[in-house]
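Me: Got a minute to walk me through this one? I'd like the overall picture and then some individual residues.

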Amino acid sequence: MSKQLVKGSYRDHEWLENLLADIWFRYFNDIEQSNDVYIRYGRKAKRRLGSIGISPSDRNSTIITINPIYQDLEIPEYVVIATIVHEMTHYAHGFNSPHDQKHQHPHSGGVIRREFAERGLEDLYIKQKNWLKSNWQSIIDKYFVENSNLNTKKSTYVVKSPWWLR
Ligand SMILES: [Zn+2]
């Protein structure tokens, strides 16, 4: 599960755990950790950068799953950080966490961006969005080569916006 997608990358599982701890300490100090929270790399995905869920083996634990393509050093660290902040925002808002649910839907009108802004991270939010807009397509082309070769015509996969908000 935690095998390296990108050989030689320093971004291993331990790095990811340290990054979550650091982000929690710096930006979410007011959010109590009221259950076990794990972070790990999941399966590579075109559109899912990260997700937060309840552990299937322990309903009291939360698992944050990160796209393993993020081990690629072409992707700036701030993009990884912004994704973890996004998932931590869900945790703070009570989605797949023991906290009170603050909104009807995890992505209700602008709540994610507002949370970034309230924590002094709006620039990070914008930087991530802009970087993804200009670079993500070429990154996924690199990791999903098999798929485009199966189709005789060139991949017509189009990034739907705003997929990065999921
Ligand atoms: Zn989300």
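Me: What does the accessible surface of the protein chain come to, and how much of it belongs to carbon and sulfur atoms?
Reply: About 9500 Å², with 48% belonging to carbon and sulfur atoms. Those areas come from the Shrake-Rupley method with a 1.4 Å probe, and for residues only the protein chains shown count as cover. Bear in mind that this is a predicted model: local features need pLDDT of at least 70, side-chain atom pairs count only at pLDDT 80 or more, and totals for chains, interfaces and linings use all residues. Residues are numbered from 1 along each chain as its sequence is written, and side-chain values use heavy atoms, with hydrogens and water left out.

Me: How much of the chain is buried?
Reply: Buried residues are 44% of the 166 in the protein chain. Buried means under 20% relative accessible area, exposed means over 50%, and partly exposed is in between (1.4 Å probe, protein chains only).

Me: And which helices and strands am I looking at, in what order?
Reply: From the N terminus the elements go α-β-β-β-α-α-α-α, which comes to five helices and three strands. Both kinds are DSSP runs numbered from the N terminus: helices are H or I with at least four residues, strands are E with at least two.

Me: How are the strands arranged in the sheet?
Reply: The three strands form an open sheet in the order 1-3-2, with mixed pairing. Strand 1 (37-41) and strand 2 (50-54) are the edge strands, each pairing on one side only. Pairing here needs at least two bridges between two strands in DSSP. Strand 2 and strand 3 (residues 62-66) are antiparallel over five bridges, and glycine 50 stands opposite isoleucine 66 in strand 3.

Me: Which strands does helix 1 touch?
Reply: Helix 1 (residues 13-27) packs on the sheet and touches strand 1 and strand 3, with its direction at about 135° to that of strand 1. For contacts, the cut-off is heavy atoms within 4.5 Å. The angles run from 0 to 180 degrees between N-to-C directions, using lines fitted to C-alpha atoms, for helices over the stretch in contact.

Me: Where does helix 2 lie?
Reply: Helix 2 (residues 77-92) lies across strand 1, strand 2 and strand 3, and runs at about 30° to strand 2. For a closer look at strand 2, take serine 51, which lies in that strand. Serine 51 is in contact with Ile63, Ile64, Thr65 and Glu87, leaving aside neighbours within four places in sequence.

Me: Is serine 51 buried or exposed?
Reply: Buried, because its relative accessible area is 18%.

Me: Switching to the metal: which residues coordinate the zinc ion?
Reply: His86, His90 and His107, each through NE2, at 2.0 to 2.1 Å. Donors are N, O and S atoms within 2.8 Å of the metal (3.2 Å for Na, K and Ca), and water is not among the atoms, so sites may look incomplete. In sequence the donor residues are spaced H-x3-H-x16-H. Histidine 86 in helix 2 and histidine 107 in the loop between helix 2 and helix 3 (111-118) are 21 residues apart, a pair that links distant parts of the chain.

Me: Why does histidine 86 count as buried?
Reply: Because its relative accessibility is 6%.

Me: OK, helix 3 then. Which of its residues are buried?
Reply: Val111, Ile112, Glu115 and Phe116. They sit on the same side of helix 3, because they cover an arc of only 145° around the axis. That arc is taken from the directions from the helix axis to the C-beta atoms. Helix 2 and helix 4 (122-143) are included in what covers them.

Me: What does valine 111 touch?
Reply: Not counting residues up to four places away in sequence, valine 111 touches His93, His103 and Pro106. The C-alpha atoms of valine 111 and histidine 93 are 9.4 Å apart, with their positions 18 residues apart in sequence. Valine 111 is buried because its relative accessible area is 5%.

Me: What follows helix 3?
Reply: Glycine 120, with a positive phi near 75°. Glycine 120 sits in the loop between helix 3 and helix 4, and it counts as exposed because its relative accessible area is 63%.
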